[in-house]
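Open the model in your viewer and keep the selection tool at hand. The tour goes from strands to aromatic rings and then to charged side chains.

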Amino acid sequence: MMNVAVTATPSSLLYSPLLLPSQGPNRRMQWKRNGKRRLATKVAVSGVITAGFELKPPPYPLDALEPHMSRETLDYHWGKHHKTYVENLNKQILGTDLDALSLEEVVLLSYNKGNMLPAFNNAAQAWNHEFFWESIQPGGGGKPTGELLRLIERDFGSFEEFLERFKSAAASNFGSGWTWLAYKANRLDVANAVNPLPKEEDKKLVIVKTPNAVNPLVWDYSPLLTIDTWEHAYYLDFENRRAEYINTFMEKLVSWETVSTRLESAIARAVQREQEGTETEDEENPDDEVPEVYLDSDIDVSEVD
């Protein structure tokens, strides 16, 4: 059983989504138990990337992050590790049903509600690394502004408190994994919770840390920022000093402009899903029947220390 740490209250009420693939950024998700089905629209966070997947370069020269992250690190991290994930993924999905899907769709389908299919690790790591490179920039760091700062202060008390909690989560992520800031438009703080009708007061930012290749897409959260805490992400520059790497990442490298843009997209996605979900509810429950909720409790959720 996989343990996933989130900054949320544990619950045993878990939705079990079964993804139905389609082309393009719009998808439909299906909940099924005892032969009964319920549909709701899911909109992809990222653009469509079809196989064979290509190794996308970082949006800056490989030496542009120096002295905070060396060209040598990018040569190995992007040029070898990231490249290998993409190459192995292409080999795994060639000639399969996953071959014509977007990278995000491959991630979601191969996650298979925690019973991961062989392609998941390479697909998720390819997606995670591309997202990671775009989360940082030369001359980054500082403090966000606008709606992003407002929500950080609302959901964490202050920007300084958010920094401490994010750094603590990244430092305490045992072994290899990732730490994320995500926008959660669902009503439940649980793994694999999917809710097409989020309430306004329940939409919030959360910090989650995931093991290995897992990312918040598999819970239907919208990732906004990530730090790679696999050792290969920092060892050439910081050796075993993970805390120093995390501080440098947050203070010198984070692209808050990118995070703000992702937040805008996540909020728009939530609004669209709410509107489409309302239409679906009206169609499926014309007599104001209470919609069925299918529960599962196969995944453990524990709080971040």
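In which sense do strands β5 and β7 pair, and over how many bridges? This is a predicted model, and in it β5 (residues 177-184) pairs with β7 in the antiparallel sense, over six bridges. Select Leu-181 and then Leu-225 in β7, its bridge partner. Now colour residues 222-228, which make up β7: seven of its seven residues are buried.

Next, the aromatic rings. The model holds 17 aromatic pairs. Select Tyr-234 and Tyr-245: their ring centres are 4.9 Å apart and the planes meet at 20 degrees, so this pair is stacked, the limit for that label being under 30 degrees. Tyr-234 sits in the loop between β7 and α6 (235-238), while Tyr-245 belongs to helix α7 (residues 242-253), so the pair ties together parts eleven residues apart in sequence. Add Phe-238 to the selection. Its ring centre is 5.9 Å from that of Tyr-245 and the planes are at 55 degrees, so this pair is tilted.

Are these three side chains buried or exposed? Tyr-234 is buried at 4% relative accessibility, Tyr-245 is buried at 2%, and Phe-238 is buried at 8%.

Widen the selection to the aromatic cluster that contains Tyr-234, Phe-238 and Tyr-245; its members also include Trp-127, Phe-131, Trp-178, Trp-180 and Phe-249.

Stay on Phe-131 and select Arg-262, which lies over the face of that ring, 3.6 Å from the ring centre. For the last stop, go to Tyr-76: the charged end of Lys-80 sits over its ring, 5.6 Å from the centre.

Note on methods:
Residues are numbered from 1 along each chain as its sequence is written. This is a predicted model: local features need pLDDT of at least 70, side-chain atom pairs count only at pLDDT 80 or more; totals for chains, interfaces and linings use all residues. Side-chain values use heavy atoms; hydrogens and water are left out. Buried means under 20% relative accessible area, exposed over 50%, partly exposed in between (1.4 Å probe, protein chains only). Helices (H or I, at least four residues) and strands (E, at least two) are DSSP runs, numbered from the N terminus. Two strands pair if DSSP finds at least two bridges between them. Rings of Phe, Tyr and Trp (its six-membered ring) pair if their centres lie within 6.5 Å; planes under 30 degrees apart count as stacked, over 60 as edge-to-face and the rest as tilted. A charge sits over a ring if NZ of Lys or CZ of Arg is within 6 Å of the ring centre and within 35 degrees of the ring normal.
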